[in-house]
Amino acid sequence: MRVKTGVGYPQLLAIIECADAAHGLGGHIISDGGCAVPGDIAKAFGGGADLVMLGGMLAGHDESGGERIERDGKSYKVFYGMSSDTAMHKHAEGIAEYRASEGKTVEVPYRGPVINTVNDILGGLRSACTYVGAQSLKELSKRTTFIRVQEPHNPVFAND
């Protein structure tokens with residue numbers, strides 16, 4: 001959204017700043033966007049999110065929507081965000097003249113059954129809770145402290 005509109009806020013900062021106010025009023029925070037690895041989900045819950053949307057992380061699996069295509073011996077699935085040109089033409093009879101398409105339509109590598117990704121996410125969340133001493137996801141935000149780092153991982157071990 002920031003690229004198209006110039007409006008937006010880094011997702012983690014938005015969660016942290018909104019969580020106290022929303023929770024004080026009995027509301028909930030839904031983190032939407034930016035999760036690429038299980039650690040991103042743990043950070044969202046640690047920042048105070050009650051729910052985390054995972055469209056991109058769950059795209060490309062057998063259970064996800066989108067057409068499966070083959071190109072150069074590799075399989076892909078078409079994935080599109082709900083504010084994309086594709087979604088608006090498919091579900092809302094096109095882009096209204098007062099709107100702009102903000103989402104993307106991309107081809108993501110085919111990833112097989114979703115269970116492997118779900119297990120990876122759950123394993124990351126369990127480990128995060130263990131590391132900070134949280135008994136549940138709800139408690140994760142009370143046990144989390146964020147610090148700014150320049151190099152978030154050791155590039156020698158790129159699959160961490």
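**Group meeting: a predicted single-chain model**

Let us begin at the end of helix α3, where the next residue is Gly48, with a positive phi near 120°. Please bear in mind throughout that this is a predicted model. I shall stay with α3 for a moment, then turn to the residues around it and to the chain in general.

How many of the ten residues of α3 are buried? The number is eight, and the helix is thus described as mostly covered. The buried residues of α3 are Pro38, Asp40, Ile41, Ala42, Ala44, Phe45, Gly46 and Gly47. Their cover includes the helices α2, α4, α6 and α7, the last of these being residues 137–143, together with the strands β1, residues 30–32, and β2.

One of these buried residues has a charged name, and I should like to consider it next. Asp40 lies in helix α3. Is Asp40 buried or exposed? Asp40 counts as buried because its relative accessible area is 18%, and the cut-off for buried is under 20%. The side chain of Asp40 reaches back to the backbone nitrogen of Ala36, at 2.8 Å. Beyond the neighbours within four places in sequence, Asp40 is in contact with Gly34 and Cys35.

A second aspartate follows a little later in the chain. Asp50 is placed in the loop between α3 and β2, the strand of residues 51–53. Asp50 is buried, with a relative accessible area of 18%. Which side chains make polar contacts with the side chain of Asp50? One is the side chain of His23, at 2.7 Å. Another is the side chain of Lys138, at 3.0 Å. If we set aside neighbours within four places in sequence, the contacts of Asp50 are His23, Gly27, His28, Ile29, Phe45 and Lys138.

I now turn to the nonpolar core. In soluble globular proteins, nonpolar side chains tend to be buried together. In this model the largest nonpolar core has 19 residues, and the members touching the most other members are Ile41, Val52 and Leu54. At least two residues of this core come from each of three helices: α2, spanning 11–24; α3, spanning 38–47; and α6, spanning 115–132. Val52 may serve as an illustration. Leaving out neighbours within four places in sequence, Val52 is in contact with Ser31, Cys35, Ile41, Ala44 and Phe45.

Ile41 also appears among the contacts of Met57, a residue of helix α4, which covers residues 55–58. Met57 is buried, at a relative accessible area of 7%. Apart from neighbours within four places in sequence, Met57 is in contact with Cys35, Ala36, Val37, Pro38, Ile41, Arg111, Thr117 and Ile121. Between Met57 and Pro38 the separation is 19 residues in sequence, and their C-alpha atoms are 9.1 Å apart.

After α4 comes a loop leading to β3, the strand of residues 68–71, and Gly60 lies in that loop. Why does Gly60 count as buried? Gly60 does so because its relative accessibility is 2%, where the cut-off is under 20%. Excluding residues up to four places away in sequence, Gly60 touches Lys77, Val108, Pro109, Tyr110, Arg111 and Gly112. Gly60 and Ser75 are 15 residues apart in sequence, with a C-alpha to C-alpha distance of 9.3 Å.

Tyr110 brings us to the aromatic rings. Arg68 lies over the face of Tyr110, at 3.7 Å from the ring centre. A further arginine, Arg71, lies over the face of Tyr76, at 5.8 Å from the ring centre. As for pairs of aromatic rings, the count comes to zero.

Finally, let us step back to the chain. How many helices and strands does the chain have? There are seven helices and five strands. Along the sequence they follow the pattern α-α-β-α-β-α-β-β-α-β-α-α. The chain has 160 residues, of which 29% count as buried. Among contacts with a separation of 6 or more, 47% come from residues 24 or more positions apart. The chain exposes about 11,100 Å², with carbon and sulfur atoms supplying 55% of that area.

To close where we started: α3 has eight of its ten residues buried, and Gly48 follows α3 with its positive phi. Thank you for your attention.

Notes: Residues are numbered from 1 along each chain as its sequence is written. This is a predicted model: local features need pLDDT of at least 70, side-chain atom pairs count only at pLDDT 80 or more; totals for chains, interfaces and linings use all residues. Side-chain values use heavy atoms; hydrogens and water are left out. A nonpolar core is a set of buried Ala, Val, Leu, Ile, Met, Phe, Trp, Tyr and Cys residues joined through side-chain atoms within 4.5 Å. Buried means under 20% relative accessible area, exposed over 50%, partly exposed in between (1.4 Å probe, protein chains only). Helices (H or I, at least four residues) and strands (E, at least two) are DSSP runs, numbered from the N terminus. Contact means heavy atoms within 4.5 Å. A polar contact is a pair of N or O atoms within 3.5 Å; within protein, one must be able to donate a hydrogen and the other to accept it, and residues adjacent in sequence count only if both atoms are side-chain atoms. Rings of Phe, Tyr and Trp (its six-membered ring) pair if their centres lie within 6.5 Å; planes under 30 degrees apart count as stacked, over 60 as edge-to-face and the rest as tilted. A charge sits over a ring if NZ of Lys or CZ of Arg is within 6 Å of the ring centre and within 35 degrees of the ring normal. Accessible areas come from the Shrake-Rupley method with a 1.4 Å probe; for residues, only the protein chains shown count as cover.
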